[in-house]
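The exercises below are meant for someone meeting this structure for the first time. Please work through each task with the structure in view before reading the solution that follows it.

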Amino acid sequence: MTNSTIITILVVLITLFQPCPAAALRERIPTVDHELHAWLAPIAQMEENRLAGMGRNPLHPLARFYRQVGFQPVWNGPAGLLPQGEILLHLMALAARNGLFIDDAPPVPLNRMPTQEISFADASPLPRLAPHIQFDVMLSAGLLRYAQDLNRGRVMPETVSSQWLAWRRPQTRDIPVELARALAEDRLAAYVGSLHPVNPAYQGLRKALAGYERIRAEGGWPTVPPGPALRMGDKGPRVEALKRRLCKTGDGPGDMLMVPAGYDGTVEAAVKSFQRRHGLRIDGLVGERTRAALNVPVGERITRIKLNMERWRWFPDDLGDRHLLVNIPAFELRVVEADTTVKRLRAIVGRKKRQTPVMSGRIAYLEFNPYWNIPQKIARRDILPRVIADPAYLIRQGIRVFDSWDRQARELDPSGIQWEHLSARYFPYRLRQDPSGMNALGRVKFMFPNRHSIYIHDTPGKALFNRQGRSFSSGCVRVERPMVLAHHLLSDQGWDRDRLEAATEMGQRKTVLLERPIPVHLVYFTAWADADGRAHFRKDIYGRDRKLLQAIEPEGSRLVVCSGHRAQSLLSAVCRPLKTGPGTPADASGGAALSTKPAGEVAGHPMTGI
């Protein structure tokens, strides 16, 4: 929302409610309003008495707030806006800077107070309150919703992904009571500021958002025209457009535009910086993929940043002083200590049809030379067709067959089984791959017990780590240098590199408990800011950005809705709705467009395996 829009809102509202001198605008209402009390006091009392169904009434936060302030208007009086009301409107007008989605269209001039148009969603219609009280209620409902959204997110993650298994931000803040106290102490702005997550990753995105909003206010960035790949030695208008584009996001120095040398070493370094931030192949060439990423409009980048700020509102601020963070779209595992990344390891994650879920857990133990008890889904869908096509497949891969999943299961000769008579629906056997150089789990796995049997492990397929996109697994996370991670986790337990090497060379299964289990978080972030405050973007490999964008509801108060001409209601001038129209032409890394139409699988799925 532009400054002119904010000013327009305030001018319209102040004009609308200014029939009396300015001193009257700052007059607080000293007594209980009987209309408010009659309407909301029973609801507040019902909650206090813990009556049946009280948690399902959406008016409870509103009722509790007005009970705290003595059932009197706090934002607006008969003579117009009160001082706190002016502060409130200013704060809500800044919602876009806080990463919340609002419409930037200016409000329609208003000439009357809404009355019968206003009602409450999932509750009774707004009673016939005096106009100034009705407006006060609308502002209170909007602010309560705004505060909740800012602190814990607008969308419940469970509604976006049926397999949300991550730690959730605790519901410890009593927003109605805190808001009333902040009003009494004249610190409304400070209170709203305290609602933001303090996680450094979230704060980094806030700073990145401010930078990209500045770029948008300046008119965005130029596009690089189509044509052959740009490289060292090239000159011409396309190279000059490229240089202007790179300078806009700080990938190249500002004085790069002053040097008429064409595509020189400075430009190549700037291109590589851009490619690194967008998960592209770092070759210094501007081919089709790099050019597509360069030409993504700034508004699309801002949308990505806001969506990922929303995701961070779901998580607790404390992920563990020492923890592992696997960012699925980034194909990366990071070891974090005291909010600082101390190690980065390339990772392989689940393919689109067997997605790695968002989840949290604690790595409790490591297993060297692990057996791989092949999950039934993988055995039926992946292994069985290969065995039917090649009966010797199991023997070559070192996979043994057992007649059940019992501990006392009997081993069977695979050559004596009529594999062609089995199917994905009928597969009564257990398959197990013994420790070896061919074992799909490699030499070590990192276990954080969970019902989906998801874990981090080694792999014999090292060549796949050289790919830019690494979604190849069946849901588990494969890590490129597992012994580096194992050494980091076990070094304080007396394990040096020689001892680790000896444990794997023995070829026998060995379990090592961690004396201090370490939290691990599998997360899905398509945008983040690095330690230098620079924004990074990745392709939305599972289409979850699209799903989240669909789930976000109109900004402002979800308690209050207009059944009539919303554009002429006072509410629409204060809390604008979300833009959920079609996305811009390209994905965050030059892939498919960000669209609000359902597409593909968007959530994690029950799975086991690698």
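**Exercise 1. Find the residues, other than those up to four places away in sequence, that tyrosine 66 touches, and then place tyrosine 66 in its wider surroundings.**

Solution. Leaving aside residues up to four places away in sequence, tyrosine 66 touches Leu36, Leu40, Phe71, Gln72, Asp136, Val137 and Ser140. The model in which these contacts are found is a predicted one.

The next step is to look at the helix that holds this residue. In helix α4, which covers residues 60-68, the buried residues are His60, Leu62, Ala63, Arg64, Phe65 and Tyr66. Just after α4 comes glycine 70, which takes a positive phi of about 80°.

The last step widens the view to the nonpolar cores. The largest nonpolar core has 80 residues, and those that touch the most other members are Leu40, Phe65, Tyr66, Trp75 and Phe315. Helix α6 (residues 131-152) gives this core its largest share, with 11 residues. A second core, separate from that one, has 53 residues, including Leu384, Ile417, Trp495 and Ile518. As a general background, nonpolar side chains in soluble globular proteins tend to be buried together.

**Exercise 2. Describe the aromatic pair formed by tryptophan 164 and tryptophan 314, and say where each partner lies along the chain.**

Solution. Begin with the overall search, which finds 14 aromatic pairs in the whole structure. In the pair of tryptophan 164 and tryptophan 314, the distance is 5.5 Å centre to centre and the angle between the planes is 90°. Pairs with planes over 60 degrees apart count as edge-to-face, so this pair belongs to that class.

Now turn to position in the chain. Tryptophan 164 is in the loop between α7 (157-160) and α8 (175-184), while tryptophan 314 is in helix α14 (residues 298-314), so that the pair links distant parts of the chain, 150 residues apart. Both tryptophan 164 and tryptophan 314 are buried. To finish, these two residues belong to one aromatic cluster, formed by Trp164, Trp312, Trp314, Phe315 and Phe525.

**Exercise 3. Which arginine lies over the face of tryptophan 221, and which lies over the face of tryptophan 495?**

Solution. Over the face of tryptophan 221 lies arginine 245, at 3.8 Å from the ring centre. For tryptophan 495 the residue is arginine 499, which lies over the ring face at 4.0 Å from its centre.

**Exercise 4. Trace the pairings of strand β6, starting from its hairpin with β5.**

Solution. Strand β5 (residues 332-337) and strand β6 (residues 340-350) run antiparallel and are joined by six bridges. Glutamate 337 stands opposite threonine 340 in β6. Two residues lie between the strands of this hairpin, in which alanine 338 takes a positive phi near 50°.

Next, follow β6 to its other partners. With strand β15 (residues 477-479), β6 pairs in the antiparallel sense over two bridges, and here isoleucine 348 has arginine 478 as its bridge partner. With strand β14 (residues 471-473), β6 pairs in the parallel sense, again over two bridges, and glycine 350 has serine 473 as its bridge partner.

**Exercise 5. Why is one side of β8 and one side of β10 left without a neighbour in their sheet?**

Solution. First establish the order of this open sheet of four strands, which is β8-β11-β9-β10 with antiparallel pairing. Because β8 (372-374) and β10 stand at the edges, each has a single partner strand, and one side of each is therefore left without a neighbour in the sheet.

Then check the pairings of β9. Strand β9 (residues 399-402) pairs with strand β11 (residues 430-433) in the antiparallel sense over four bridges, and isoleucine 399 has glutamine 433 in β11 as its bridge partner. Two bridges join β9 to strand β10 (residues 411-412), and these strands run antiparallel. Here valine 401 has leucine 412 as its bridge partner, and phenylalanine 402 stands opposite glutamate 411.

Notes: Residues numbered from 1 in each chain as written. Predicted model: local features only at pLDDT ≥ 70, side-chain atom pairs only at ≥ 80, totals over all residues. Heavy atoms only, no water. Pairing = 2+ DSSP bridges. Core = buried A, V, L, I, M, F, W, Y, C linked by side-chain atoms within 4.5 Å. Buried < 20%, exposed > 50% of the residue type's maximum accessible area, 1.4 Å probe, protein only. Contact = heavy atoms within 4.5 Å. Phe/Tyr/Trp six-rings, centres within 6.5 Å; stacked < 30°, edge-to-face > 60°. Lys NZ or Arg CZ within 6 Å of the ring centre and 35° of its normal.
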